[in-house]
Amino acid sequence: MGRVRPLRQWTITGNAPLTGCSHFLGGGGSAGAGHADVDITSAHIGASQPGDPNYPGGHVFYVDSNVVNGVPNDPDFLGNSGAPAGAGHYSDHLAPGVAVMAQVSFQPAK
């Protein structure tokens with residue numbers, strides 16, 4: 001009987017510099033620019049869910065732990081990120097005047 005090789009475990013980390021800008025007619029609401037610097041300290045890949053850009057049959061990143069603007073484990077950035085696990089450019093128009101774009105790149109672990 002041959003030697004059993006141990007399973008190789010990978011640690012998934014990453015970052016997501018997020019920016020946004022909103023404008024409202026008449027100047028009401030919370031218009032303006034915003035930024036979040038998200039450092040993903042642990043993540044895993046799981047099946048995409050309804051509402052994800054590559055549903056059904058795709059895979060997305062699930063964030064297990066993070067640091068957002070220096071604060072650990074911001075609940076707004078935990079769980080299903082909606083970011084496809086396959087490299088590529090993704091875009092969606094959620095509503096009139098609302099667009100979301102993501103560029104996903106892949107760097108193999110060493």
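**Entry 1. Surface and overall make-up**

How much accessible surface does the protein have, and what percentage of it belongs to carbon and sulfur atoms? I looked this up before anything else and recorded about 8,500 Å², with 57% belonging to carbon and sulfur atoms. I note here that the model is a predicted one.

I then turned to the secondary structure. The protein has seven strands and zero helices, and I wrote the order from the N terminus as β-β-β-β-β-β-β. I looked up burial next: of the 110 residues, 19% count as buried. For contacts with a separation of 6 or more, I found that 31% are between residues 24 or more positions apart.

**Entry 2. The nonpolar core**

Which residues form the largest nonpolar core? I listed seven: A16, A36, V38, I40, A43, V63 and V68. The elements that give two or more residues to this core are strand 2, residues 32-47, and strand 3, residues 59-68. Strand 2 supplies the largest share, with four residues. As background, I recall that nonpolar side chains tend to be buried together in soluble globular proteins.

I checked the surroundings of A16, one of the core residues. Leaving aside residues up to four places away in sequence, A16 touches A36, D37 and V38. Of these, A36 and V38 are also listed in the core.

**Entry 3. N15 and T11**

I next looked up N15, which lies in strand 1. Is N15 buried or exposed? N15 counts as exposed because its relative accessible area is 56%, and the cut-off for exposed is over 50%. With residues up to four places away in sequence set aside, the contacts of N15 are V38, D39 and I40. V38 and I40 belong to the largest nonpolar core, and V38 is also touched by A16. I also recorded the separation of N15 and T41: the two are 26 residues apart in sequence, and their C-alpha atoms are 8.5 Å apart.

T11 sits in the segment before strand 1, which spans residues 12-22. T11 is exposed because its relative accessible area is 68%. How far apart are the C-alpha atoms of T11 and H44? I recorded 8.2 Å, for two residues that are 33 residues apart along the chain.

**Entry 4. Strands 6 and 7**

How do strand 6 and strand 7 run, and how many bridges join them? I found that strand 6, residues 88-95, and strand 7, residues 98-104, run antiparallel and are joined by seven bridges. To fix the register, I looked up two positions. G88 faces V104 in strand 7, and Y90 faces A102 in strand 7.

I then examined the hairpin that these strands make. Two residues lie between the strands, and G97 in this hairpin takes a positive phi near 80°.

The surface of this region was checked as well. L94, V98 and V100 form a nonpolar patch on the surface, and together they have about 250 Å² of accessible area. L94 is placed in strand 6. L94 counts as exposed because its relative accessibility is 57%.

**Entry 5. Backbone exceptions**

For reference, I noted that most residues other than glycine have a negative phi, and that most peptide bonds are trans. I then looked for exceptions.

Which residues does a cis peptide bond join? I found this bond between Y55 and P56, with omega at about -5°. P56 is found in the loop between strand 2 and strand 3.

N69 has a positive phi near 50° and is not a glycine. I placed N69 in the loop between strand 3 and strand 4, the latter being residues 71-72.

N73 is also a residue other than glycine with a positive phi, of about 50°. N73 lies in the loop between strand 4 and strand 5, the latter being residues 79-84. N73 counts as partly exposed because its relative accessibility is 39%, and partly exposed covers values between the 20% and 50% cut-offs.

Note on methods: Residues are numbered from 1 along each chain as its sequence is written. This is a predicted model: local features need pLDDT of at least 70, side-chain atom pairs count only at pLDDT 80 or more; totals for chains, interfaces and linings use all residues. Side-chain values use heavy atoms; hydrogens and water are left out. Two strands pair if DSSP finds at least two bridges between them. A nonpolar core is a set of buried Ala, Val, Leu, Ile, Met, Phe, Trp, Tyr and Cys residues joined through side-chain atoms within 4.5 Å. Buried means under 20% relative accessible area, exposed over 50%, partly exposed in between (1.4 Å probe, protein chains only). Contact means heavy atoms within 4.5 Å. Patches are made of residues with over 30% relative accessible area and no salt bridge: like charges are joined within 9 Å, nonpolar side chains (Val, Leu, Ile, Met, Phe, Trp, Tyr) within 5 Å. Accessible areas come from the Shrake-Rupley method with a 1.4 Å probe; for residues, only the protein chains shown count as cover. A salt bridge is a side-chain nitrogen of Lys or Arg within 4 Å of a carboxyl oxygen of Asp or Glu.
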